[in-house]
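Me: Got a minute to go through this complex with me? I'd like to start with a loop and then jump around a bit.

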Amino acid sequence: MIFLKRQLPLAITFVMGVAFALQYYIPHPVSEEAITKVSDWMKIISGFALVLGIASVFHVHAVKIRRQAPGWGYSGVLFAAIAITMAVGFWSGGESKADGAQTAFGWLYDYTMVPLQGTMFSILAFFIASAAYRAFRARSPEASVLLVSAVVVMMGRVPLGQFLVPWTWNVTQWLLNVLNSAVRRAILIGVSMGSVGLSLKIILGKERSYLGGGKDQ
Amino acid sequence: MIFAPLVFFLLLIGGPAFAGPPASPDGFRVFDTPNDAGKSLSLVWKASPSDSKDRTVQVWAAEFPPAVFKKVAEFPSNTRYVRIGDFPWWAQPAGKGDHYVKLPSSQAFPIEDGKPYTVKLLTHEGTQDVWSEAAEGVSAPNYFNLAQVNNLVFVLAFTGVLLGSIAAARRNPHIYLRRIAGLDAVEEAIGRSTEMGRPILYLTGSGGMSDVSTIAATVILGQVAKKVAHYETTLKVPHRDPIVMAVCQEIVKEAYVEAGRPDAFKEDTNFFITDDQFSYTAAVDGIMLREKPAANFFMGSYFAESLLLTETGAGTGAIQIAGTDSDHQLPFFVTTCDYTLIGEELYAASAYLSREPVLVGTLRGQDFSKAFIMGVMVIGTALATAGVMLQTDAFNYFLDLFRDFK
Amino acid sequence: MPEQLIPTSVVLGAWVATGLTLFIYSFLYKDNPLFKLGEHLYVGVSIGYSVVLVWYTVFFRLLWEPLKKGIAEHPAALGTYEPVIPALLGMLILTQFFPKVSWLSRIAFAFIVGFGSGVAIPRTVSSYILKQIEDTVMPLATMGADGLSMGLDLASPQSGINTIILLIGVVSVLFYFFFSVEHTGPGMVTARTGIYFLMIAFGAAFGYTVMSRMSLLIGRFRDLITFAGAEYGYATPVLLLVTVLSLAAWELATRRKAGGE
Amino acid sequence: MKAFSRRMIAIDRRIIFLLIALAVLLPLLNPFGLPIKVSPEVKAVYDYMDALPERSVFLLSFDFDPSSKPELEPQAVALLRHAFRKNLRVIAMTHWITGTGLADNVVAQVAAETGKARGKDYVFLGWAPGGYALIISMGQDLYKAFPSDYSKTPTLGMPVLEGVRNLRDVNYMVSLAAGGAGIEMWYVFGKDKYRFEMAGGATGVIAPGLYPFLRSGQINGLIGGLQGAAEYETLIGRKGMAVAGMDAQSATHFVIIVLVVLCNVFYFALRGDKGKQA
């Protein structure tokens, strides 16, 4: 039993890890096929896992409704939205277009999901401004440097800035092409060290908390 | 020095005039393209001093035994040389300066594995055509990409360094680690939430369980949960991926058990919202506004939602600690959170919080490897510069080791 | 071409989209019932959408159809039943519902995590380590027609001077990330340089992103302006008025309630 | 000053939100038309198009979906206006199925405002699967790749396609891409083989990555983001959405910069006072 609960998962991780690390070095079509296949498998597994997610959503909101917790009415709205979308979706056969015409499902996507997505995304414009107001204070030399480079780039990016302070355009290009690439490169190298290190530990069974705690002896 | 371009110029315009009739390409060979998935042939022949842009080379191919030849490619004869950087020195398909043409399967001329093909070259200049000898080749898929062997060696060496430093850390667990402010603040954030009687919000990012940064985020969650278990504080972990949710459920439960507080664990700590980026964000923003968590943790990988989350959190006055390897979102975390674990620090966090030898040893191993890479970059730049100054490719034996070949 | 009459479904869509947009924007004022309504609708629709999509693209296209086709064509071949493996693994995850056997889900977790870790290693080494080293290691000088020269042109990213700056940046930022080395003496100077590089880059990236974020807002506002037209039944102004009035009413009501208590 | 600074530094975020909303809205409703500096890469597209004789064939590929609409739609509109004004024959298509409806609307709208007729002056072929394979197939036989257009009219015999057999008969081609694959794909599988001149239009995020293609002449021009669209609008002398959008961009950037400067002024005012107290 201990074998099944502990050793078997570790063995599976090891085999999968080594196999798909080596897959990279094998140009043979069979290896290409293997990774495509397993990627499809991952989609199927997440498909099943969605049941878990939905169960969680139902649990959270059903409890709210049952207890009549504050705002329980919104939980009802949520259920209604799920039910309607699913009904429309299955009725339209999951297609957003049929014979060149928009289906009800397509309509729902175009007039709810797309604008809502766009709206949430566009709120960033407001937040980027308020974040700038709060954060860009010359509290320390580091903060001042951050502030100056942000302002220069903001100037260099728009016609008004290029018009008022023409040199900002060139400085912007230089900051982005040279300094920014240097930093991103260093961060990427550091991050890869960390992520390869963690991946190796997982494959070698040195890190197993994803199996629910259980430390290295 | 002034004469050099002049001579070059003379050669350029005078070349074809002196060169006489085109000669058939020397040393023409056809073989299976090495290190590939098959369905492709490689052609190699020697460069000739009379190659010029006015002399073209046509590639004609046919199935073996040859019946009808088909023209599959045409280019000026002074192109398609093997150049430095195209192939590593340990996997050269042809000598330096030779002509090299890869003939992939195409709609016009499909190439199948295991079938012999005959190829010949037609050199054409002005009105004159010269055929080369025909050569045969068979394409096949390969089982190992020799050009990437440096990548494999790097991985193996890194594994060795890692295991070595873990072993060393087991023997001597007292390794100096510099302070990371964001991690010192974890305890403070949890304490403050307890004092204020408000929940702690922990996000694991946008990745699935096969993303390494998500795994790092779940490992840190375990340690945060262990600390939380000691206090009477609510932990809330809203999820975008049901599998990550299930894993976190196990991790948090285990953390409470290890902290000796299995009774304090609540099943609804981890819950799923939706897998859609912005509706998830809207819902988490809603949680922040309504439940006013006193501490927000953002770990793992993030996209545009980062600022939508952190700026809302900043508005509610929560202590915010972020840790991400998404370099494109770092500017926003740095400006809106109280503490940010930058890039690699996300992976180091669990070592700091737990002080386990395995984890601390890993950090040591990573440091060694980083030092090595820094050395390679400095020495490499020096050698590359020396190579230009001394007009030699000898240093490529070193530089090629750290190039990425496909 | 005569002015086309806009179909009813589009006009209706414009009203729905405009209403939802304004509900979400109302969150910029403060948390309120309209935002809650918009938020819950959004989450609900997105869940419903995922379910439908997963049903058709995963269960139907990846699982059911290949199995059906395979069984019809090669019922004896082992490869036919290959989609059963992920289905089984998926079922193992569902054992989470039954605490007694929930440990079975670990097998699926191990499969996913193992795959992810394995796939990541060589690819990360290739594109984030070797490729980055390759791009950093550049000769500082070039051999031109007039002999050896070192490019001092800051505007060209490949010039010698920029190669040096890049190298200094990469090395100092990498040094900043050292965990087991004390940042004192020359180490402190290097680490400080690294911090300055980091801050300049973050500032630049922040400033650079402002434009694309504003583009999104401009796009959204442009839609709202379009929907304000007569052909859409003045959706935007009407709904804006409704939103503002309901917010005011709600604000009054909560204040009165707070005053009454 | 101190009390004021303290109040201003902790200013209600909603005031900032309001300022940003106004900075976007006002220029959109009433563009003030700041001068736009035209870059050579946009001018190159304009010049090439402007030099084409009447009834030349212009192929416009919409390789994006609604999420990139704010940046690429203005580019499409400006290019189409120019093409129709020059009486070019326009063939439009898309590689992104999710962008089909959007592309159809844009083409129909611009055609309607310039009085051009579907089938005679322009055609919208719609979407077909295949990606690069579609380009190859268009290179061999356009009518096999698209037997009928988006409105199900057979393409063979359409007046707009007279004398057009395949991509070799296209005089100029522009791919408006939200992903690197769009322009690169058109170059590798289209222009490289079938020898038509082409340019690219791209979102602000991916445009910098396409400069190598421009330098090597693989594309003869590049329109980048909303700024590029505004430049093109300036060139054709019809200021539209993009110019207004750029005004809004300038205004919002300006608002943010002023806010940052003010916040530092207040910050230093406060700090100065603190210094005196100490």
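Reply: Sure. This is a predicted model, and a loop to start with is the one between α6 (277-291) and β12 (295-299) of chain B, where Lys292(B) is found.

Me: What's phi for Lys292(B)?

Reply: Near 45°, so to speak on the positive side, and Lys292(B) is a residue other than glycine. Most residues other than glycine have a negative phi.

Me: Is Lys292(B) buried, exposed or partly exposed?

Reply: Partly exposed, because its relative accessibility is 36% and that class lies between the 20% and 50% cut-offs.

Me: Which residue in chain D has a positive phi?

Reply: Arg195(D) is one, with phi near 60°, and again that's a residue other than glycine. Arg195(D) lies in the loop between α8 (180-194) and β5 (197-202) of chain D. With a relative accessible area of 63%, Arg195(D) counts as exposed.

Me: And the peptide bonds, which one is cis?

Reply: The bond joining Phe64(B) and Pro65(B) is cis, with omega about -5°. Pro65(B) has its place in the loop between β3 (56-63) and β4 (70-76) of chain B.

Me: Switching to Ser175(D): where is it, and is it buried or exposed?

Reply: Ser175(D) is in strand β4 (residues 172-177) of chain D. Its relative accessible area is 0%, so Ser175(D) is buried.

Me: What does the Ser175(D) side chain make a polar contact with?

Reply: With the side chain of Asp63(D), at 2.8 Å.

Me: What else does Ser175(D) touch, skipping sequence neighbours?

Reply: Leaving out residues up to four places away in sequence, the list includes Ser61(D), Gly182(D), Ile183(D) and Trp186(D), and also Ala199(D), Gly200(D) and Gly201(D). Asp63(D), the polar partner, is in that list as well.

Me: OK, hydrophobics. How many residues are in the largest nonpolar core?

Reply: 247 residues. The members that touch the most others are Phe126(A), Phe136(A), Tyr202(B), Leu235(B), Phe297(B) and Ile256(D).

Me: Take Phe126(A): what is it in contact with?

Reply: Not counting neighbours within four places in sequence, Phe126(A) contacts Tyr25(C), Leu28(C), Leu217(C) and Phe221(C) from chain C, plus Phe17(D), Ile20(D) and Ala21(D) from chain D.

Me: How many helices and strands in chain A, and in what order?

Reply: Chain A has 7 helices and 2 strands, running α-α-α-β-β-α-α-α-α from the N terminus. Chain A is more spread out than a compact globule, because its radius of gyration is 26 Å, well over the 17 Å from the globule rule for 217 residues. Its C-alpha atoms fill a box of roughly 70 × 50 × 45 Å along the principal axes, and 59% of the 217 residues count as buried.

Me: What about the elements of chain C?

Reply: Chain C has 7 helices and 2 strands, in the order α-α-α-α-β-β-α-α-α from the N terminus. Its radius of gyration is 30 Å, where a compact globule of 261 residues would have one near 18 Å. Buried residues make up 54% of chain C.

Me: And the contacts in chain C, what share join residues at least 24 apart?

Reply: 39%, among contacts between residues at least 6 apart in sequence. In chain A, residues 24 or more positions apart account for 19% of the contacts with a separation of 6 or more.

Me: Last one: what scores does the predictor give?

Reply: The complex gets an ipTM of 0.90 and a pTM of 0.90. Chain C averages a pLDDT of 91, and 98% of its residues score at least 70.

Terms used: Residues numbered from 1 in each chain as written. Chains lettered and ligands numbered in written order. Predicted model: local features only at pLDDT ≥ 70, side-chain atom pairs only at ≥ 80, totals over all residues. Heavy atoms only, no water. pLDDT = per-residue confidence, 0-100. Helix = DSSP H or I, 4+ residues; strand = E, 2+ residues; numbered from the N terminus. Buried < 20%, exposed > 50% of the residue type's maximum accessible area, 1.4 Å probe, protein only. Polar contact = N/O pair within 3.5 Å; in protein donor to acceptor, adjacent residues only side chain to side chain. Contact = heavy atoms within 4.5 Å. Core = buried A, V, L, I, M, F, W, Y, C linked by side-chain atoms within 4.5 Å. Rg over C-alpha atoms; globule rule 2.2 N^0.38 Å.
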